[in-house]
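Here are a few short exercises to work through with the model open beside you. Try each one before you read its solution.

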Amino acid sequence: MDSPMFSKYSWLDFLFSVVGVCTYLFDVGSDIWVATEFYSRGDFFWFGVLIGLMVLSSVVVQMFSWFWLKYDRELEGFDEQNAKNILFGGCVKLSFLLHVLQLGFFCRHISAIWQGFRVWWRQEQGSGYAVYLTHDLSMLRLIETFCESAPQLTLMTHIMLHTNKARTVQCVSVVASTTSIAWMVVDYHRSLRSFLPDKAKQGWGSALVYFLWNLLLIAPRVAAVALFATILPSYLAAHFLLIWPVLVFWVWRQETDFMDSAGGEWLYRATVGLIWYFSWFNVAEGGTRRRSIIYHSFMATDGGILLVTWWFYRDPVLTQSYAPILLATLPLTYLMGVLFKTLYYYCFHPTLWMPPVMEARLEDELPDGQEMVFRSIAPQTGTPRFRNKRMASHATHFYSKEEARKPSKINGCEANTVV
(Lines give C-alpha, C1' and ligand atoms only; values in the text may rest on other atoms or scores of the structure.)
Protein backbone atom coordinates (compact mmCIF):
# COMPACT_ATOMS: atom_id res chain seq x y z
CA MET A 1 0.00 0.00 0.00
CA ASP A 2 1.15 3.54 -0.77
CA SER A 3 1.56 5.84 2.15
CA PRO A 4 -1.03 8.64 2.26
CA MET A 5 1.90 11.00 2.38
CA PHE A 6 2.69 10.35 -1.27
CA SER A 7 1.05 10.76 -4.66
CA LYS A 8 -1.02 7.89 -5.98
CA TYR A 9 -1.98 7.58 -9.64
CA SER A 10 -5.72 8.14 -10.22
CA TRP A 11 -8.21 8.18 -13.07
CA LEU A 12 -7.80 11.96 -13.24
CA ASP A 13 -4.08 11.53 -13.90
CA PHE A 14 -4.94 9.15 -16.72
CA LEU A 15 -7.46 11.63 -18.13
CA PHE A 16 -4.89 14.42 -18.06
CA SER A 17 -2.42 12.20 -19.94
CA VAL A 18 -4.98 11.40 -22.65
CA VAL A 19 -6.07 15.03 -23.04
CA GLY A 20 -2.42 16.06 -23.08
CA VAL A 21 -1.57 13.86 -26.07
CA CYS A 22 -4.75 15.04 -27.84
CA THR A 23 -3.80 18.71 -27.43
CA TYR A 24 -0.28 17.88 -28.59
CA LEU A 25 -1.54 16.17 -31.76
CA PHE A 26 -4.00 19.02 -32.39
CA ASP A 27 -1.18 21.52 -32.07
CA VAL A 28 1.11 19.57 -34.41
CA GLY A 29 -1.68 19.05 -36.93
CA SER A 30 -2.53 22.76 -37.00
CA ASP A 31 1.16 23.60 -37.44
CA ILE A 32 1.42 21.34 -40.47
CA TRP A 33 -1.78 22.78 -41.92
CA VAL A 34 -0.59 26.37 -41.50
CA ALA A 35 2.84 25.56 -42.95
CA THR A 36 1.20 23.91 -45.98
CA GLU A 37 -1.04 26.94 -46.51
CA PHE A 38 1.90 29.35 -46.36
CA TYR A 39 3.89 27.28 -48.85
CA SER A 40 1.01 26.84 -51.31
CA ARG A 41 0.28 30.60 -51.27
CA GLY A 42 3.91 31.51 -51.85
CA ASP A 43 4.43 33.03 -48.39
CA PHE A 44 7.86 31.46 -48.12
CA PHE A 45 9.13 33.85 -45.44
CA TRP A 46 6.32 33.00 -43.02
CA PHE A 47 6.68 29.34 -44.00
CA GLY A 48 10.36 29.48 -43.05
CA VAL A 49 9.70 31.25 -39.74
CA LEU A 50 7.01 28.73 -38.78
CA ILE A 51 9.13 25.72 -39.71
CA GLY A 52 12.04 27.26 -37.80
CA LEU A 53 9.94 27.60 -34.65
CA MET A 54 8.68 24.03 -35.00
CA VAL A 55 12.18 22.60 -35.49
CA LEU A 56 13.74 24.67 -32.68
CA SER A 57 11.00 23.70 -30.24
CA SER A 58 11.17 20.03 -31.16
CA VAL A 59 14.96 19.85 -30.85
CA VAL A 60 14.97 21.59 -27.46
CA VAL A 61 12.23 19.34 -26.07
CA GLN A 62 13.91 16.18 -27.39
CA MET A 63 17.21 17.27 -25.81
CA PHE A 64 15.58 17.74 -22.42
CA SER A 65 13.79 14.41 -22.74
CA TRP A 66 17.01 12.59 -23.64
CA PHE A 67 19.02 14.27 -20.88
CA TRP A 68 16.41 13.25 -18.31
CA LEU A 69 16.27 9.72 -19.61
CA LYS A 70 20.05 9.47 -19.23
CA TYR A 71 19.95 10.92 -15.71
CA ASP A 72 17.13 8.59 -14.65
CA ARG A 73 18.99 5.48 -15.69
CA GLU A 74 21.31 6.13 -12.75
CA LEU A 75 18.42 5.94 -10.28
CA GLU A 76 18.01 2.79 -8.26
CA GLY A 77 15.25 0.62 -9.70
CA PHE A 78 14.57 2.87 -12.68
CA ASP A 79 15.78 0.38 -15.29
CA GLU A 80 13.53 -2.27 -13.81
CA GLN A 81 10.50 -0.03 -14.16
CA ASN A 82 11.56 1.36 -17.54
CA ALA A 83 12.01 -2.13 -18.98
CA LYS A 84 8.22 -2.47 -18.89
CA ASN A 85 7.80 0.76 -20.87
CA ILE A 86 5.87 0.11 -24.08
CA LEU A 87 8.13 2.22 -26.32
CA PHE A 88 11.40 3.02 -24.55
CA GLY A 89 11.91 -0.22 -22.68
CA GLY A 90 15.46 -0.80 -21.54
CA CYS A 91 17.06 -0.24 -24.95
CA VAL A 92 19.26 2.85 -24.88
CA LYS A 93 19.92 2.80 -28.63
CA LEU A 94 16.21 2.68 -29.43
CA SER A 95 15.55 5.56 -27.06
CA PHE A 96 18.31 7.61 -28.66
CA LEU A 97 17.04 6.87 -32.18
CA LEU A 98 13.50 7.93 -31.26
CA HIS A 99 14.79 11.22 -29.92
CA VAL A 100 16.95 11.82 -33.01
CA LEU A 101 13.83 11.24 -35.13
CA GLN A 102 12.03 13.84 -32.95
CA LEU A 103 9.64 11.19 -31.62
CA GLY A 104 10.83 11.06 -28.02
CA PHE A 105 8.24 13.52 -26.67
CA PHE A 106 5.37 11.74 -28.43
CA CYS A 107 6.61 8.37 -27.19
CA ARG A 108 6.68 9.73 -23.66
CA HIS A 109 2.98 10.57 -24.02
CA ILE A 110 2.14 7.07 -25.22
CA SER A 111 4.29 5.48 -22.54
CA ALA A 112 2.65 7.54 -19.79
CA ILE A 113 -0.81 6.55 -21.05
CA TRP A 114 0.19 2.87 -21.20
CA GLN A 115 1.70 2.90 -17.72
CA GLY A 116 -1.33 4.76 -16.39
CA PHE A 117 -3.67 2.25 -18.01
CA ARG A 118 -1.79 -0.63 -16.39
CA VAL A 119 -1.95 1.00 -12.97
CA TRP A 120 -5.45 2.49 -13.03
CA TRP A 121 -7.42 -0.03 -15.08
CA ARG A 122 -5.53 -3.28 -14.54
CA GLN A 123 -4.66 -2.44 -10.92
CA GLU A 124 -1.03 -3.42 -11.49
CA GLN A 125 1.91 -2.12 -9.48
CA GLY A 126 3.90 0.94 -10.54
CA SER A 127 1.77 3.87 -9.37
CA GLY A 128 4.84 5.87 -8.38
CA TYR A 129 6.44 5.33 -11.79
CA ALA A 130 3.23 6.42 -13.55
CA VAL A 131 3.17 9.65 -11.55
CA TYR A 132 6.88 10.08 -12.28
CA LEU A 133 6.19 9.97 -16.04
CA THR A 134 3.31 12.47 -15.83
CA HIS A 135 5.50 14.96 -13.97
CA ASP A 136 8.19 14.78 -16.65
CA LEU A 137 5.54 15.29 -19.32
CA SER A 138 4.21 18.33 -17.49
CA MET A 139 7.64 19.96 -17.49
CA LEU A 140 8.24 19.07 -21.15
CA ARG A 141 4.89 20.66 -22.05
CA LEU A 142 5.99 23.79 -20.23
CA ILE A 143 9.15 23.93 -22.34
CA GLU A 144 7.33 23.10 -25.59
CA THR A 145 4.69 25.74 -24.91
CA PHE A 146 7.12 28.63 -24.54
CA CYS A 147 9.47 27.42 -27.26
CA GLU A 148 6.71 26.99 -29.86
CA SER A 149 3.13 27.79 -28.86
CA ALA A 150 3.77 31.26 -27.41
CA PRO A 151 6.07 32.39 -30.28
CA GLN A 152 3.66 30.89 -32.82
CA LEU A 153 0.70 32.66 -31.23
CA THR A 154 2.70 35.87 -31.49
CA LEU A 155 3.46 35.13 -35.14
CA MET A 156 -0.16 34.39 -36.09
CA THR A 157 -1.41 37.48 -34.24
CA HIS A 158 1.19 39.58 -36.03
CA ILE A 159 0.22 38.22 -39.47
CA MET A 160 -3.49 38.85 -38.88
CA LEU A 161 -2.82 42.39 -37.67
CA HIS A 162 -0.35 43.07 -40.48
CA THR A 163 -2.70 41.87 -43.24
CA ASN A 164 -5.80 43.16 -41.44
CA LYS A 165 -7.60 39.86 -42.13
CA ALA A 166 -7.78 36.38 -40.66
CA ARG A 167 -8.02 33.21 -42.70
CA THR A 168 -9.54 30.06 -41.27
CA VAL A 169 -6.22 28.27 -40.99
CA GLN A 170 -4.75 31.17 -39.02
CA CYS A 171 -7.68 31.15 -36.62
CA VAL A 172 -7.25 27.41 -36.12
CA SER A 173 -3.57 27.96 -35.36
CA VAL A 174 -4.41 30.67 -32.83
CA VAL A 175 -6.96 28.38 -31.15
CA ALA A 176 -4.44 25.50 -31.07
CA SER A 177 -1.68 27.65 -29.56
CA THR A 178 -4.05 29.20 -27.02
CA THR A 179 -5.36 25.75 -26.07
CA SER A 180 -1.81 24.48 -25.66
CA ILE A 181 -0.88 27.39 -23.39
CA ALA A 182 -4.07 27.07 -21.33
CA TRP A 183 -3.65 23.32 -20.91
CA MET A 184 -0.01 23.73 -19.93
CA VAL A 185 -0.99 26.18 -17.19
CA VAL A 186 -3.64 23.84 -15.77
CA ASP A 187 -1.51 20.70 -16.05
CA TYR A 188 1.61 22.31 -14.60
CA HIS A 189 -0.29 23.68 -11.60
CA ARG A 190 -1.81 20.26 -11.00
CA SER A 191 1.66 18.69 -10.98
CA LEU A 192 2.94 21.32 -8.55
CA ARG A 193 0.01 20.70 -6.21
CA SER A 194 0.78 16.97 -6.10
CA PHE A 195 3.84 17.75 -3.95
CA LEU A 196 1.78 19.42 -1.24
CA PRO A 197 0.72 17.55 1.89
CA ASP A 198 -3.05 17.07 1.92
CA LYS A 199 -3.39 18.80 -1.45
CA ALA A 200 -7.20 18.65 -1.26
CA LYS A 201 -7.07 21.66 1.04
CA GLN A 202 -5.90 23.73 -1.91
CA GLY A 203 -9.13 23.57 -3.92
CA TRP A 204 -10.10 24.48 -7.44
CA GLY A 205 -10.43 28.13 -6.46
CA SER A 206 -6.65 28.35 -6.22
CA ALA A 207 -6.28 26.66 -9.62
CA LEU A 208 -8.69 29.19 -11.16
CA VAL A 209 -6.79 32.15 -9.71
CA TYR A 210 -3.50 30.60 -10.86
CA PHE A 211 -4.91 30.14 -14.38
CA LEU A 212 -6.25 33.69 -14.58
CA TRP A 213 -3.03 35.19 -13.29
CA ASN A 214 -0.97 33.42 -15.97
CA LEU A 215 -3.48 34.14 -18.75
CA LEU A 216 -3.69 37.84 -17.88
CA LEU A 217 0.11 38.19 -17.81
CA ILE A 218 0.94 36.17 -20.93
CA ALA A 219 -1.79 37.58 -23.22
CA PRO A 220 -0.75 41.27 -23.10
CA ARG A 221 2.92 40.29 -23.51
CA VAL A 222 2.14 38.31 -26.66
CA ALA A 223 -0.07 41.11 -27.97
CA ALA A 224 2.54 43.82 -27.34
CA VAL A 225 5.27 41.86 -29.14
CA ALA A 226 2.92 41.11 -32.07
CA LEU A 227 1.89 44.77 -32.38
CA PHE A 228 5.50 45.93 -32.33
CA ALA A 229 6.31 43.43 -35.09
CA THR A 230 3.63 44.93 -37.36
CA ILE A 231 5.44 48.26 -37.61
CA LEU A 232 9.11 47.33 -37.12
CA PRO A 233 9.39 43.62 -38.00
CA SER A 234 13.13 43.76 -38.67
CA TYR A 235 13.73 45.06 -35.13
CA LEU A 236 11.86 42.26 -33.38
CA ALA A 237 14.79 39.84 -33.61
CA ALA A 238 17.09 42.58 -32.30
CA HIS A 239 14.69 43.18 -29.42
CA PHE A 240 14.70 39.49 -28.49
CA LEU A 241 18.47 39.13 -28.85
CA LEU A 242 18.93 42.20 -26.65
CA ILE A 243 16.73 40.93 -23.82
CA TRP A 244 17.26 37.17 -23.93
CA PRO A 245 21.01 37.19 -23.01
CA VAL A 246 20.24 39.47 -20.07
CA LEU A 247 17.60 37.03 -18.84
CA VAL A 248 19.96 34.06 -19.29
CA PHE A 249 22.63 35.95 -17.35
CA TRP A 250 20.12 36.57 -14.55
CA VAL A 251 19.30 32.85 -14.44
CA TRP A 252 23.02 32.05 -14.21
CA ARG A 253 23.44 34.57 -11.38
CA GLN A 254 20.79 32.67 -9.42
CA GLU A 255 23.08 29.62 -9.47
CA THR A 256 20.47 27.16 -10.70
CA ASP A 257 21.17 23.47 -10.22
CA PHE A 258 18.31 21.81 -12.07
CA MET A 259 20.12 19.42 -14.42
CA ASP A 260 22.72 16.77 -13.60
CA SER A 261 25.35 17.91 -16.11
CA ALA A 262 26.99 21.22 -17.04
CA GLY A 263 25.76 21.10 -20.63
CA GLY A 264 22.23 20.28 -19.54
CA GLU A 265 22.27 23.10 -17.00
CA TRP A 266 23.19 25.68 -19.64
CA LEU A 267 20.43 24.33 -21.87
CA TYR A 268 18.05 24.81 -18.95
CA ARG A 269 19.25 28.36 -18.32
CA ALA A 270 18.91 29.30 -21.99
CA THR A 271 15.39 27.84 -22.03
CA VAL A 272 14.38 29.68 -18.86
CA GLY A 273 15.57 32.90 -20.51
CA LEU A 274 13.21 32.16 -23.41
CA ILE A 275 10.34 31.39 -21.03
CA TRP A 276 10.97 34.63 -19.13
CA TYR A 277 10.61 36.55 -22.37
CA PHE A 278 6.90 35.69 -22.10
CA SER A 279 6.23 34.72 -18.50
CA TRP A 280 7.84 34.43 -15.07
CA PHE A 281 8.41 31.39 -12.93
CA ASN A 282 10.76 31.03 -10.01
CA VAL A 283 13.91 28.92 -10.48
CA ALA A 284 15.77 29.49 -7.20
CA GLU A 285 15.00 29.66 -3.50
CA GLY A 286 15.20 32.85 -1.47
CA GLY A 287 14.50 36.45 -2.45
CA THR A 288 11.50 35.44 -4.56
CA ARG A 289 9.51 38.60 -3.80
CA ARG A 290 12.37 40.87 -4.83
CA ARG A 291 13.05 38.95 -8.05
CA SER A 292 9.37 38.91 -8.97
CA ILE A 293 9.05 42.67 -8.47
CA ILE A 294 12.15 43.30 -10.59
CA TYR A 295 10.91 41.02 -13.35
CA HIS A 296 7.38 42.40 -13.57
CA SER A 297 8.62 45.98 -13.38
CA PHE A 298 11.06 45.32 -16.21
CA MET A 299 8.50 43.52 -18.38
CA ALA A 300 5.83 46.18 -17.77
CA THR A 301 8.32 48.85 -18.84
CA ASP A 302 9.42 46.87 -21.89
CA GLY A 303 5.82 46.12 -22.87
CA GLY A 304 4.93 49.78 -22.46
CA ILE A 305 7.80 50.81 -24.75
CA LEU A 306 6.69 48.30 -27.40
CA LEU A 307 3.09 49.50 -27.17
CA VAL A 308 3.95 53.21 -27.34
CA THR A 309 6.29 52.58 -30.28
CA TRP A 310 3.51 50.79 -32.13
CA TRP A 311 1.08 53.63 -31.37
CA PHE A 312 3.31 56.28 -32.95
CA TYR A 313 4.37 54.24 -36.00
CA ARG A 314 1.06 52.50 -36.78
CA ASP A 315 -1.22 53.25 -39.73
CA PRO A 316 -3.92 55.44 -38.12
CA VAL A 317 -6.48 54.60 -40.80
CA LEU A 318 -6.16 50.81 -40.71
CA THR A 319 -5.93 50.62 -36.93
CA GLN A 320 -8.45 53.25 -35.90
CA SER A 321 -11.11 50.68 -35.02
CA TYR A 322 -9.04 48.84 -32.40
CA ALA A 323 -5.94 50.91 -31.59
CA PRO A 324 -7.41 52.98 -28.70
CA ILE A 325 -8.97 49.86 -27.20
CA LEU A 326 -5.67 47.95 -27.24
CA LEU A 327 -3.73 50.90 -25.87
CA ALA A 328 -6.07 51.03 -22.88
CA THR A 329 -6.80 47.35 -22.25
CA LEU A 330 -3.35 45.77 -22.57
CA PRO A 331 -1.73 47.65 -19.64
CA LEU A 332 -4.87 47.12 -17.55
CA THR A 333 -4.85 43.41 -18.37
CA TYR A 334 -1.24 43.08 -17.24
CA LEU A 335 -2.04 45.00 -14.05
CA MET A 336 -4.97 42.66 -13.40
CA GLY A 337 -2.63 39.71 -13.85
CA VAL A 338 -0.27 41.10 -11.22
CA LEU A 339 -3.23 41.69 -8.89
CA PHE A 340 -4.49 38.11 -9.36
CA LYS A 341 -0.98 36.84 -8.65
CA THR A 342 -0.89 38.92 -5.46
CA LEU A 343 -4.34 37.60 -4.53
CA TYR A 344 -3.09 34.02 -4.93
CA TYR A 345 -0.19 34.52 -2.54
CA TYR A 346 -2.24 36.43 0.00
CA CYS A 347 -5.30 34.16 0.03
CA PHE A 348 -4.50 30.79 -1.60
CA HIS A 349 -0.85 29.97 -0.92
CA PRO A 350 -0.54 26.62 0.95
CA THR A 351 1.55 28.14 3.74
CA LEU A 352 -1.62 29.94 4.82
CA TRP A 353 -3.43 26.77 5.83
CA MET A 354 -0.59 24.36 6.66
CA PRO A 355 -0.62 23.73 10.42
CA PRO A 356 2.77 24.33 12.09
CA VAL A 357 2.67 20.87 13.67
CA MET A 358 2.11 19.16 10.30
CA GLU A 359 4.79 21.32 8.69
CA ALA A 360 7.35 20.42 11.33
CA ARG A 361 6.48 16.71 11.15
CA LEU A 362 6.79 16.62 7.38
CA GLU A 363 10.05 18.55 7.34
CA ASP A 364 11.52 15.96 9.70
CA GLU A 365 10.74 13.25 7.13
CA LEU A 366 12.53 14.98 4.26
CA PRO A 367 16.05 13.88 3.38
CA ASP A 368 19.10 16.06 4.09
CA GLY A 369 17.11 18.74 5.91
CA GLN A 370 15.27 19.89 2.80
CA GLU A 371 13.56 23.20 3.57
CA MET A 372 10.43 22.87 1.44
CA VAL A 373 7.61 20.50 2.25
CA PHE A 374 6.69 18.46 -0.79
CA ARG A 375 5.86 14.90 -1.68
CA SER A 376 8.31 12.36 -2.92
CA ILE A 377 7.11 9.59 -5.19
CA ALA A 378 6.79 6.30 -3.40
CA PRO A 379 6.40 3.22 -5.58
CA GLN A 380 4.31 0.25 -4.62
CA THR A 381 5.56 -2.18 -2.02
CA GLY A 382 8.40 -4.30 -3.28
CA THR A 383 9.86 -1.79 -5.73
CA PRO A 384 12.79 0.58 -5.12
CA ARG A 385 11.84 4.06 -4.02
CA PHE A 386 12.53 7.05 -6.24
CA ARG A 387 11.05 10.48 -6.82
CA ASN A 388 10.93 13.03 -9.62
CA LYS A 389 13.38 15.54 -8.21
CA ARG A 390 12.91 17.84 -11.24
CA MET A 391 9.26 18.57 -10.55
CA ALA A 392 10.02 18.52 -6.82
CA SER A 393 12.58 21.26 -7.45
CA HIS A 394 10.03 23.38 -9.31
CA ALA A 395 7.48 22.81 -6.55
CA THR A 396 10.07 23.79 -3.94
CA HIS A 397 10.75 27.07 -5.72
CA PHE A 398 7.08 27.80 -6.39
CA TYR A 399 5.91 27.08 -2.84
CA SER A 400 9.03 28.39 -1.11
CA LYS A 401 8.70 30.73 1.81
CA GLU A 402 10.70 33.88 2.38
CA GLU A 403 13.29 33.74 5.11
CA ALA A 404 11.44 36.46 7.00
CA ARG A 405 7.64 36.26 6.88
CA LYS A 406 5.32 38.82 8.37
CA PRO A 407 1.61 38.00 8.61
CA SER A 408 -0.59 40.66 7.10
CA LYS A 409 -4.22 41.07 6.14
CA ILE A 410 -5.75 42.14 2.88
CA ASN A 411 -9.52 42.25 2.68
CA GLY A 412 -9.74 39.99 5.68
CA CYS A 413 -7.34 37.34 4.33
CA GLU A 414 -4.45 36.66 6.67
CA ALA A 415 -1.28 35.96 4.74
CA ASN A 416 2.44 35.56 4.78
CA THR A 417 3.94 37.99 2.31
CA VAL A 418 5.47 35.65 -0.22
CA VAL A 419 5.73 36.03 -3.97
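Helices here are DSSP runs of H or I with at least four residues, and strands are runs of E with at least two, numbered from the N terminus. Keep in mind that this is a predicted model.

**Exercise 1. Take stock of the protein chain: how many helices and strands does its secondary structure come to?**

Solution. Start with the elements: the count is 14 helices and two strands. Next, turn to burial, where a residue needs under 20% relative accessible area to qualify. Of the 419 residues, 54% count as buried. Then look at the surface: the chain exposes about 19,200 Å², with carbon and sulfur atoms supplying 66% of it. Finally, consider the contacts with a separation of 6 or more: 74% of them join residues 24 or more positions apart.

**Exercise 2. Describe how helix 8 and helix 11 cross, and which residues meet there.**

Solution. Two packed helices are described by the angle between their axes and the distance between the axes. For helix 8 (residues 204-231) and helix 11 (residues 288-313), the axes come within 9 Å and cross at roughly 35 degrees. The crossing of these two helices is left-handed. Now find the residues: helix 8 contributes, among them, Leu217, Val225 and Phe228, which lie in the contact with helix 11 residues including Met299, Leu306 and Trp310. Sorted by class, the contact holds eleven nonpolar, four polar and two charged residues.

**Exercise 3. What is the angle between helix 7 and helix 14, and which residues make their contact?**

Solution. Helix 7 (residues 168-193) packs against helix 14 (residues 389-398) at an angle of about 90 degrees, with the axes 9 Å apart. Angles of 65 to 115 degrees count as roughly perpendicular, so helix 7 is roughly perpendicular to helix 14. On the helix 7 side, look for Tyr188, Ser191 and Leu192; on the helix 14 side, for Met391, His394, Ala395 and Phe398. The class tally is five nonpolar, two polar and no charged residues.

**Exercise 4. Place Thr319, Gln102 and Glu255 in their loops, and decide for each: buried, partly exposed or exposed?**

Solution. Thr319 sits in the loop between helix 11 and helix 12 (323-347). With a relative accessible area of 6%, Thr319 is buried, and its contacts beyond four places in sequence are Trp310, Arg314 and Pro324.

Gln102 lies in the loop between helix 4 (92-100) and helix 5 (104-120). Its relative accessibility is 29%, so Gln102 counts as partly exposed. The phi of Gln102 is positive, near 65 degrees.

Glu255 belongs to the loop between helix 9 (233-253) and helix 10 (262-276). Exposed requires over 50%, and Glu255, at 68%, counts as exposed. Glu255 has a positive phi of about 55 degrees, although it is not a glycine.

Methods. Residues numbered from 1 in each chain as written. Predicted model: local features only at pLDDT ≥ 70, side-chain atom pairs only at ≥ 80, totals over all residues. Heavy atoms only, no water. Buried < 20%, exposed > 50% of the residue type's maximum accessible area, 1.4 Å probe, protein only. Contact = heavy atoms within 4.5 Å. Areas by Shrake-Rupley, 256 points an atom, 1.4 Å probe, with all protein chains shown as cover. Axes fitted to C-alpha atoms, helices over the stretch in contact; angles between N-to-C directions. Left-handed = near helix turned anticlockwise from the far one by under 90°. Nonpolar A, V, L, I, M, F, W, Y, C, P; charged D, E, K, R; others polar. Parallel < 35°, antiparallel > 145°, perpendicular 65-115°, else oblique.
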